[in-house]
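Please work through the exercises below with the sequence and the model at hand. Each task is followed by a solution in steps.

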Amino acid sequence: MNRFLSFGQDARRIAEADSVAVIGLGRFGTSLALELMDSGTDVLGIDDDEEVVQALNGALTQVVRADATRMDVLQQLTIGEFDRVVVAIGSDITASILTASLLLQLNVPVIWAKAVDEQHGAVLQQLGVHRVVYPEKDMGRRVAHLVRGAAADYLEIDKGFAVVKTIAPHFLHGVTLASAAVRHTHDVTIAAHREPDGQWSNAQADTVLHDGDVVLVVGPTNQVERFAQLR
Ligand code: ATP
């Protein structure tokens with residue numbers, strides 16, 4: 001039996017499950033594929049580098065060495081039957097664009113692609129790729145907020161609105177959240193809290209925080225950053 005044909009049958013079985021195909025297993029693609037596996041999603045990984053494929057053998061549902069810029073290869077791997085495909089090829093922009101264009105021709109319902117810069121992203125978007133992500137740019141922005149602020153973690157939900165993880169400031173210790181009225185006084189919402197034993201809970205009006213508790217704070221970026229600096 002032809003090598004790709006047997007891969008194709010395995011790939012079809014994977015496509016029938018809750019599954020994702022990840023094309024390009026560099027640092028981003030590998031980390032994404034392993035995280036999907038950890039969350040219980042079957043992953044078909046594709047890369048044209050034999051060493052990369054060998055290294056991930058057994059860690060993903062199926063890993064195949066193949067050139068994703070060839071339509072015959074994608075068809076043999078039944079990529080058109082996957083609901084979600086991620087193009088995680090970055091520095092080889094031509095390969096990324098060619099692959100995305102073939103996936104669109106195969107009518108894959110949801111295509112995600114990683115872009116290395118604005119121009120790359122604009123071309124992917126013009127082609128019709130459904131979701132374009134900029135991991136380096138996004139991580140750079142996120143780390144900038146962590147570097148300049150005091151938050152333990154930071155996530156921008158949308159322009160100007162963010163969530164931060166920070167230590168509960170002193171003025172919240174020993175009082176209920178309702179009486180602290182942080183929404184009124186600081187224009188932020190305490191969404192959840194973690195006690196020293198590591199247990200997270202949703203914050204309620206009658207929640208009382210203590211020294212060492214960690215809180216998740218949601219609100220306008222400037223306000224949550226200011227809140228994270230309170231001690
Ligand atoms: P990262 O930053 O995630 O490590 P990168 O931005 O440097 O990746 P590339 O090196 O271009 O991205 O590609 C990531 C992976 O994609 C590599 O392992 C590479 O072998 C693979 N790749 C590149 N072109 C193709 C192709 N035509 N078909 C399949 N895989 C490919």
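The exercises that follow concern a predicted model, and they treat its sheets, one strand and two pockets.

**Exercise 1. Determine the strand order and the pairing sense of the open sheet of 6 strands.**

Solution.
- Step 1. Read across the sheet: the order is 3-2-1-4-5-6, and the pairing is parallel.
- Step 2. Identify the edges. Strand 3 (62-65) and strand 6 each have a single partner strand, so one side of each is left without a neighbour in the sheet.
- Step 3. Consider the twist. Ignoring direction, neighbouring strands of this sheet are turned by 15° against each other on average.

**Exercise 2. Decide whether the residues of strand 1 are buried or exposed, and examine both faces of the strand.**

Solution.
- Step 1. Recall the rule for a regular strand: side chains alternate between the two faces of the sheet.
- Step 2. Apply the cut-off: a residue counts as buried when its relative accessible area is under 20%.
- Step 3. Divide the residues by side. S19, A21 and I23 lie on one side, V20 and V22 lie on the other, and all are buried.
- Step 4. Conclude. Strand 1 (residues 19-23) has 5 of its 5 residues buried, so it is largely enclosed by the rest of the structure.

**Exercise 3. Trace the pairing from strand 2 through strand 1 and strand 4 to strand 5.**

Solution.
- Step 1. Start with strand 1 and strand 2, which pair in the parallel sense over 5 bridges. The chain passes from strand 1 through helix 2 to strand 2, and this β-α-β crossover is right-handed.
- Step 2. Locate a residue in this pairing: I23 stands opposite I46 in strand 2.
- Step 3. Turn to strand 4 (residues 84-87), which pairs with strand 1 in the parallel sense over 3 bridges. Here V22 has V86 of strand 4 as its bridge partner.
- Step 4. Continue to strand 5, which is joined to strand 4 in the parallel sense over 4 bridges. The bridge partner of V86 in strand 5 is W112.

**Exercise 4. Describe the open sheet of 5 strands.**

Solution.
- Step 1. Give the order, which is 7-8-11-9-10, with antiparallel pairing.
- Step 2. Name the edge strands. They are strand 7 and strand 10 (200-202), each of which pairs on one side only.
- Step 3. State the twist, which averages 25° from one strand to the next.
- Step 4. Inspect one pairing. Strand 9 and strand 11 (residues 214-220) run antiparallel and are joined by 5 bridges, and R194 has V214 in strand 11 as its bridge partner.

**Exercise 5. Characterise the largest pocket and the second largest pocket by volume and lining.**

Solution.
- Step 1. Take the volumes. The largest pocket holds about 1,300 Å³ of space, and the second largest about 170 Å³.
- Step 2. Examine the lining of the largest pocket. It consists of 41 residues, and F28, V133, Y134, P135 and E136 lie nearest the centre. By class, 20 are nonpolar, 8 polar and 13 charged.
- Step 3. Find the contributing elements. Those supplying at least two residues each include helix 2 (27-38), strand 2 (42-47) and strand 5 (110-114). Helix 7 gives the most, with 7 residues.
- Step 4. Repeat for the second largest pocket. Among its lining residues are L177, R183, T189 and Q204. Helix 8 (177-180), helix 9 (182-186) and strand 9 (189-194) each supply at least two residues, and the lining divides into 8 nonpolar, 2 polar and 1 charged.

Conventions. Residues numbered from 1 in each chain as written. Predicted model: local features only at pLDDT ≥ 70, side-chain atom pairs only at ≥ 80, totals over all residues. Heavy atoms only, no water. 1 Å grid on protein atoms, 1.4 Å probe; cavity = no way out; pocket = protein on both sides within 12 Å on 5 of 7 lines; lining within 4 Å. Points joined across faces, edges and corners; volume = space filled by probe spheres on them. Nonpolar A, V, L, I, M, F, W, Y, C, P; charged D, E, K, R; others polar. Buried < 20%, exposed > 50% of the residue type's maximum accessible area, 1.4 Å probe, protein only. Pairing = 2+ DSSP bridges. Right-handed = clockwise from strand over helix to strand, strands pointing away. Axes fitted to C-alpha atoms, helices over the stretch in contact; angles between N-to-C directions.
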